[in-house]
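The following exercises concern the structure shown below. Each task is followed by a solution in steps.

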Amino acid sequence: MTADVVEKATEAKGLAKPPLLILERVEAFLDEHGLGRGPLRASRIGEGGGSNFSYLLERGDGRFVLRRPPRPPLPPSAHDMVREARLQLALAPLGIRLPTIRAVCEDEQVLGVPFYVMDFLDGHVVTSALPAGLESDAARRRLGLDLVDALVEIHAADVSAPAVAAFIRPGSYAERQVRRFTQLWEVNQTRELPAVVEVGGWLADNLPEPLPPTVVHGDYRLGNMMVARDDPARIVAVLDWEMGAIGDPRADVGYLLATYSEPGGESNPLGTSPVTALPGFPSRRELAERYSERSGRDVEPLVWFQALAMWKAAVFCEAIYGRFLRGDLGQEDSYAARFERGVPLLAETAKSLIETRDVR
């Protein structure tokens, strides 16, 4: 149990920062939805909570995961847990690999923010170390290819299904992304970084012609996958749908490739899932070719979407760095200090992409 978990609501009184979890209130919410019985235990899980937070809830024989945003104030349209949950509920009948969502709380009187509760999945999230079962090159290759196949499944979902169609917005997804993250930079920035402004301007001036819209995850990378414990070369669930939308499928392909470290290559600037640099994992080119073969889509101009990915990462990592500077993160989130240099690196990487490659 972490220091962020407070067992009684009365203990929260007088604190400068509200607790992220209040057990007696969460317990009452679980009772209301028939989720488990008896005393509740909670512990922080997942990657550092510079963005959203996940807690393992254990109650009797039941295990669940609670997902909530950081403490307010939050940037406009960011960290929308209710929307994230509703999108997954809309996609669940369409064959996409998802955890089962059990309950959504819109009442901010419970924890001060909306949150949702889903079933706990007993698998691995692959980040900085490989789980047992991925020792061979063949197993690693299978995982890398399944990463693409799971994305093809997402992009094949029927966006005309009524629950999914409710997420369709008119106009260009690429234009909305550039406009939204330009606005978020104005909210998130803690320092002057000309490269962020320059890349944002270039993206706005060079918008690609859109493809027919699909479901888009928005943060598609290995670190947001759950792999099976008994077969870690198989993805069982795609997690973290905060940036999910209906949009251009190339955005997910560009993000996957931009944040992927290929064998024999340089580490990706975001520093996510460095294990894919080990022998056996497919190259970026192989991932792109697999996607095109399985989906039937042309992914060009891929460089535009890779630059978009690096630029967006710079913007949202600056938000995490800002929370670190303000002291809003716990001691276990000290990793966020790396964004002092990481955010400029992301922005310069995006700038380098658009300067050194032709966009077709």
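**Exercise 1. State what the buried residues of α2 pack against, and then identify those residues.**

Solution. The buried residues of helix α2 pack against β5, β6, β7, α5 (162-165), β9 and β12 (245-247). The model is a predicted one, in which local features need pLDDT of at least 70, side-chain atom pairs count only at pLDDT 80 or more, and totals for chains, interfaces and linings use all residues. Residues are numbered from 1 along each chain as its sequence is written, and side-chain values use heavy atoms, with hydrogens and water left out.

Step 1. Fix the terms. Buried means under 20% relative accessible area, exposed over 50%, and partly exposed in between, with a 1.4 Å probe and protein chains only. Contact means heavy atoms within 4.5 Å. Helices (H or I, at least four residues) and strands (E, at least two) are DSSP runs, numbered from the N terminus.

Step 2. Apply them. Helix α2 spans residues 81-91, and eight of its 11 residues are buried. These are Met81, Val82, Glu84, Ala85, Leu87, Gln88, Ala90 and Leu91.

**Exercise 2. Describe how strand β7 is enclosed and paired.**

Solution. Step 1. Strand β7 covers residues 115-119; five of the five are buried, so the strand is largely enclosed by the rest of the structure.

Step 2. Two strands pair if DSSP finds at least two bridges between them. Strand β5 (residues 62-68) pairs with β7 in the antiparallel sense over four bridges, and Leu66 stands opposite Val117.

Step 3. Strand β6 (residues 101-105) is also joined to β7 by four bridges, and the two run antiparallel. Here Cys105 has Phe115 as its bridge partner.

**Exercise 3. Determine which strands stand at the edges of the sheet β8-β10-β11.**

Solution. Step 1. Three strands form this open sheet, in the order β8-β10-β11, with antiparallel pairing.

Step 2. β8 (123-124) and β11 (235-238) each have a single partner strand, so they stand at the edges and one side of each lacks a neighbour in the sheet.

Step 3. β8 is joined to β10 by two bridges; in one pair, Gly123 is matched with Ala228 of β10.

**Exercise 4. Characterise the packing of helix α7 against helix α11.**

Solution. Step 1. The axes of α7 (residues 194-205) and α11 (residues 339-356) come within 9 Å and cross at roughly 40°. Axes are lines fitted to C-alpha atoms, for helices over the stretch in contact, and angles run from 0 to 180 degrees between N-to-C directions.

Step 2. The crossing angle therefore makes α7 oblique to α11: angles under 35 degrees count as roughly parallel, over 145 as roughly antiparallel, 65 to 115 as roughly perpendicular and the rest as oblique.

Step 3. α7 contributes Ala195, Val196, Glu198, Val199 and Trp202 to the contact, and α11 contributes Ala347, Glu348, Ala350, Lys351, Ile354 and Glu355.

**Exercise 5. Locate Asp219 and decide whether it is buried or exposed.**

Solution. Step 1. Asp219 lies in the loop between β9 and β10 (225-228).

Step 2. Its relative accessible area is 7%, so Asp219 is buried.

Step 3. Neighbours within four places in sequence aside, Asp219 is in contact with Asn224, Asp240, Met243, Asp252 and Tyr255. Asp252 and Tyr255 are among the buried residues of α8, a helix spanning residues 250-258 in which nine of nine residues are buried.
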